[in-house]
Amino acid sequence: MGSEMKTQTATRTADARNPMVPLEFEVGRVSRETHDTFTLFLNPVNGLERFTFQPGQFNMIYIYGVGEVPISISGNPHKPEVLVHTTRAVGTVTRAMQQLKRGDRVGIRGPFGAAWPVDVAEGRDVVFVAGGIGLAPLRPAIYHVLANRNRFGRIVLLYGARTPEDILYRKELEKWRARFDLEVHVTVDRATLDWRGNVGVVTKLIPKAPFDPYHCVSFICGPEIMMRFTVIELTKRGVPEDQVYISMERNMKCGIGLCGHCQYGPKFICKDGPVFRYDVIRDWFKVREL
Ligand SMILES: Cc1cc2nc3c(=O)[nH]c(=O)nc-3n(C[C@H](O)[C@H](O)[C@H](O)COP(=O)(O)OP(=O)(O)OC[C@H]3O[C@@H](n4cnc5c(N)ncnc54)[C@H](O)[C@@H]3O)c2cc1C
Ligand code: FES
């Protein structure tokens with residue numbers, strides 16, 4: 001989709017819409033993923049027919065009367081008729097989002113930010129490493145490589161959740177695991193009695209995962225501590241730092257590089273990220289408080 005995606009971006013750039021003015025969307029369906037995580041399926045109103053985006057991009061979602069939060073798009077970039085967001089309820093706005101029902105409306109600004117560079121990964125093995133809710137921002141890139149399966153080498157998904165109850169997209173993971181052209185390995189930090197799978201942090205899966213470290217691209221999304229150790233394990237296996245991409249999160253207000261809220265060293269996460277090539281931000285990533 002490399003060239004197709006560039007065309008879509010060009011279309012958006014030509015779009016005269018003001019990026020600070022939200023578009024209205026209606027909740028078509030709500031899916032409860034885990035006790036604190038839910039997926040909203042949003043349909044455009046006011047005549048918009050499709051909402052094109054690139055894997056890894058995010059929207060600013062406005063909950064009327066409450067506030068606005070950045071949330072990655074977690075749907076299929078090849079199915080732009082419906083906009084999909086998976087969110088964990090952690091505070092004021094995301095808890096209000098959790099109360100939304102079919103027919104309720106939200107404001108959407110976006111899509112914003114840099115994408116997972118799926119075209120760079122063509123011809124190589126692709127290693128996705130996700131922690132917790134981090135699977136949501138990676139899912140559009142997974143859909144893309146599966147839709148264009150013959151353009152990529154081996155595809156590996158390593159996913160870690162806190163407990164079996166916290167595993168996101170469980171049915172979809174089972175479907176993917178049944179495929180012969182995709183390696184899916186799931187682990188949990190703490191097992192329950194009925195869990196028969198791996199136990200331990202996701203980085204433990206890296207040493208034995210079936211990919212060629214000298215000819216792969218890795219996309220990582222999860223808590224910063226998890227991404228830190230994932231990069232260490234990948235580089236131990238020989239993956240060059242410039243073949244590793246991570247998605248960063250910081251508080252945001254404007255989402256378009258104007259307000260400075262998301263500044264990260266000399267970069268703005270909303271505009272230069274959220275997806276960064278690891279070696280580009282390595283020096284700031286190593287400073288924990290930044
Ligand atoms: C580019 C980008 C993409 C994102 N994509 C997603 C996504 O796909 N799904 C998703 O669920 N979230 C995503 N987030 C995080 C999401 O924006 C925050 O969780 C949200 O802004 C919190 O707002 P709130 O008003 O609910 O919480 P607040 O009231 O602002 O915060 C309440 C409490 O929650 C804590 N908190 C805030 N953010 C987080 C967090 N990320 N994790 C854990 N605790 C937190 C705060 O420290 C505070 O203690 C993304 C963030 C960015 C920058
Ligand atoms: S959120 Fe305003 S500059 Fe990034």
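What covers the buried residues of helix H7? In this predicted model, the cover includes helix H5 (224-237) along with three strands, S12 (244-247), S13 (263-264) and S15 (275-277). The residues being covered are Tyr-278, Ile-281 and Phe-285, which are buried in H7, a helix that runs over residues 278-285. Looking down the axis of H7, these buried residues fall within an arc of 90°, so they line one face of the helix. There's a handy bit of background here: an α-helix has 3.6 residues a turn, so residues three or four places apart point the same way.

Next up is a pair of helices. Two packed helices are described by the angle between their axes and the distance between the axes. For H3 (residues 135-147) and H4 (residues 170-177), the axes come within 13 Å and cross at roughly 35°, and the crossing is left-handed. On the H3 side, the residues that make the contact are Leu-135, Arg-139, Ile-142, Tyr-143 and Leu-146, and they meet Glu-172, Leu-173 and Trp-176 of H4. Sorted by class, this contact has six nonpolar residues and two charged ones, with no polar residues at all.

Finally, there's Ala-161, which sits in strand S8 (residues 155-161). Is Ala-161 buried or exposed? With a relative accessible area of 3%, Ala-161 is buried, because that value is under the 20% cut-off. Leaving aside residues up to four places away in sequence, Ala-161 touches Asp-166, Ile-167, Thr-187, Val-188 and Asp-189. As for Gly-238, 77 residues away along the chain, its C-alpha atom is separated from that of Ala-161 by 25 Å.

Conventions:
Residues numbered from 1 in each chain as written. Chains lettered and ligands numbered in written order. Predicted model: local features only at pLDDT ≥ 70, side-chain atom pairs only at ≥ 80, totals over all residues. Heavy atoms only, no water. Axes fitted to C-alpha atoms, helices over the stretch in contact; angles between N-to-C directions. Helix = DSSP H or I, 4+ residues; strand = E, 2+ residues; numbered from the N terminus. Left-handed = near helix turned anticlockwise from the far one by under 90°. Contact = heavy atoms within 4.5 Å. Nonpolar A, V, L, I, M, F, W, Y, C, P; charged D, E, K, R; others polar. Buried < 20%, exposed > 50% of the residue type's maximum accessible area, 1.4 Å probe, protein only. Arc of directions from axis to C-beta.
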